[in-house]
Amino acid sequence: NWFRPGVKFRVGQFKPFIGLDNTMLDLQTDFLERAFTQSLFQSLIYDRGVMAFGEPIPGLVYSAAVTNGTGQNVDESQGNLREAESDGKEVTARLVGNFAQFFDIPDTVIHFGGTYKNGSNPNSKANPYRGATVQTEARGITFFIPEPFNSTTGATNVSSIDRTIFDIEWALAHKWAKLQGDYAQVRYDGTKLAGTGAPSDFSRALKAWYVSAGIMLSGEYYADIYRDGAFVRPRPNNNFVLGEKGWGLWELSLRYSSFDGSDFDNGNLANTGRPIQSGANFASFPNITQGTSKANAYTLGLKWQPNMYLRFMANLIHTKFDTPVIVNGKATDYENAFTMRAQLDF
């Protein structure tokens, strides 16, 4: 925080800010797990590089990061000429504003903004690059598994993959009620250089979005926990103390989220973006022998926070698949889950 107003720096391994749901830390989220949008960011939740960020005027928050694009705890790889030639950096920029602060509206948050992220990914026969796999929000079935963008055998040869992520985020909150959402899209662009047919360019996209609603049953205001372009850890109005009147913070939340991977179609040319649909190709997921390209999820959540440093959460999640998936030899078009978590911050 050397330069004021509104310029701070972060250097090393850190979390580049992408969207509202992802920017909030694990102790700040409304649900046990994040929505389908989170899967699209793959391994880039944490990365190594440098970031400038801050709030130059009240309510306007920005961040700009240049990172390796290799993900958490992964060094840059220079194993062959292709990796050396495609050695680029990942660029991430986020800009959000709270219009309630701009117009001095009390006890209210009117949040809107977006994120742009772009980088090049090495893609070779020895280390073929794969698009995002998608798992249910209950951390159960991995139902979408794309084919790699290169083949380890045969004549197919595909260029490095240019990956671009867009995220549009918003939140509306007044006193103890809140609505929140993200729309995320990741696009993979490359060129099939060899194999059947002439060289051809391709562009494939994965899309996901969610909308959630929350109510502070114990009366806390969401505007009180909005800071630096995100909602931070809540502080109960009255901590829970056994034998006294305080009951801590209680929050009820509901979320609907959707994933669409239909741009990865079986009719696409090999290694240009197709979903894996046969059991022999699910090497990393041997219990899954058929996936699907679309899914919707409904989550009901209850949170109890006795004090600022302890919270208990329970989520009920129903996931509906567009077409049946086959897991352990059984076909199913849905997944139900009940999850619980206790978290202590010390």
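Thr37 is found in the loop between helix H1 (20-23) and strand S2, and this is a handy place to start a tour of what is a predicted model. From there we'll go to a buried arginine and the cavity it helps to line, then to the nonpolar cores, the second largest pocket and a couple of unusual backbone angles.

**Thr37, where we start**

- At a relative accessible area of 2%, Thr37 is buried, because the cut-off for that label is anything under 20%.
- Looking past its neighbours within four places in sequence, Thr37 is in contact with Asp21, Asp182, Ala184, Ala208, Trp209 and Tyr210.
- Two of those contacts, Asp21 and Tyr210, turn up again in the lining of the largest cavity.

**Arg255 and the largest cavity**

- Arg255 sits in strand S14, which runs over residues 249-260.
- Is this arginine, Arg255, buried or exposed? With a relative accessible area of 3%, Arg255 is buried.
- A polar atom of the Arg255 side chain lies 3.0 Å from the backbone oxygen of Glu33.
- Leaving out residues up to four places away in sequence, Arg255 touches Phe31, Glu33, Arg34, Ala35, Glu137, Tyr210, Val211, Ser212, Ala297, Tyr298 and Thr299.
- The structure holds four cavities of 30 Å³ or more, and the largest cavity has a volume of about 60 Å³.
- Which residues line the largest cavity? They are Asp21, Met24, Thr29, Asp30, Phe31, Glu33, Arg34, Gln180, Tyr210, Ser212 and Arg255.
- Sorted by class, that lining of the largest cavity has five charged, three polar and three nonpolar residues.
- Several contacts of Arg255, including Phe31, Glu33, Arg34, Tyr210 and Ser212, are also in the lining of the largest cavity.

**Nonpolar cores**

- The largest nonpolar core has 29 residues, and Phe36, Leu40, Phe143, Tyr188, Leu206 and Phe259 touch the most other members.
- Strands S7 (142-144), S9 (161-174), S10 (177-194), S11 (200-216), S16 (294-307) and S17 (310-327) are the elements that give two or more residues to this core.
- There is also a second, separate core of 13 residues, with Ala173, Met216, Tyr222 and Tyr226 among them.
- Back in the largest core, Phe143 is in contact with Phe36, Val134, Gln135, Thr136, Phe259, Gly291, Thr292, Ala295, Phe321 and Val325, setting aside its neighbours within four places in sequence.

**The second largest pocket and Arg10**

- The second largest pocket has a volume of about 480 Å³.
- Of the 25 residues lining this pocket, Lys8, Arg10, Phe17, Phe53 and Asp228 are the closest to its centre.
- At least two lining residues each come from strand S1 (8-14), strand S2 (47-57), strand S3 (60-67) and strand S13 (230-231).
- S2 gives the largest share of the lining, three residues.
- The class split for the second largest pocket is twelve nonpolar, eight charged and five polar residues.
- Arg10 belongs to strand S1 and is partly exposed, with a relative accessible area of 33%.
- Beyond its neighbours within four places in sequence, Arg10 is in contact with Phe17, Gly49, Val50, Met51 and Phe53.
- For a sense of span, Arg10 and Ser151 are 141 residues apart along the chain, and their C-alpha atoms are separated by 38 Å.

**Positive phi angles**

- Most residues other than glycine have a negative phi.
- Asp228 isn't a glycine, yet has a positive phi of about 55 degrees.
- Asp228 lies in the loop between strand S12 (226-227) and S13, and at 45% relative accessibility it counts as partly exposed.
- Asn271 isn't a glycine either, and has a positive phi of about 65 degrees.
- Where is Asn271? Its place is in the loop between S14 and strand S15 (288-290).
- Asn271 is buried, with a relative accessible area of 7%.

**Phe112 on strand S5**

- Phe112 is in strand S5, residues 108-121, and counts as partly exposed at 46% relative accessibility.
- Not counting residues up to four places away in sequence, Phe112 touches Leu95, Val96, Gly97, Phe99, Ile168, Glu169 and Trp170.
- Phe112 and Val74 are 38 residues apart in sequence and 33 Å apart in space, C-alpha to C-alpha.

Terms used
Residues are numbered from 1 along each chain as its sequence is written. This is a predicted model: local features need pLDDT of at least 70, side-chain atom pairs count only at pLDDT 80 or more; totals for chains, interfaces and linings use all residues. Side-chain values use heavy atoms; hydrogens and water are left out. Helices (H or I, at least four residues) and strands (E, at least two) are DSSP runs, numbered from the N terminus. Buried means under 20% relative accessible area, exposed over 50%, partly exposed in between (1.4 Å probe, protein chains only). A polar contact is a pair of N or O atoms within 3.5 Å; within protein, one must be able to donate a hydrogen and the other to accept it, and residues adjacent in sequence count only if both atoms are side-chain atoms. Contact means heavy atoms within 4.5 Å. A nonpolar core is a set of buried Ala, Val, Leu, Ile, Met, Phe, Trp, Tyr and Cys residues joined through side-chain atoms within 4.5 Å. On a 1 Å grid over the protein atoms alone, a cavity is a set of points where a 1.4 Å probe fits but cannot get out, and a pocket is an open set with protein on both sides within 12 Å along at least five of seven lines; lining residues have an atom within 4 Å of a point. Grid points are joined across faces, edges and corners, and a volume is the space filled by probe spheres set on the points. Ala, Val, Leu, Ile, Met, Phe, Trp, Tyr, Cys and Pro count as nonpolar, Asp, Glu, Lys and Arg as charged, and the others, Gly among them, as polar.
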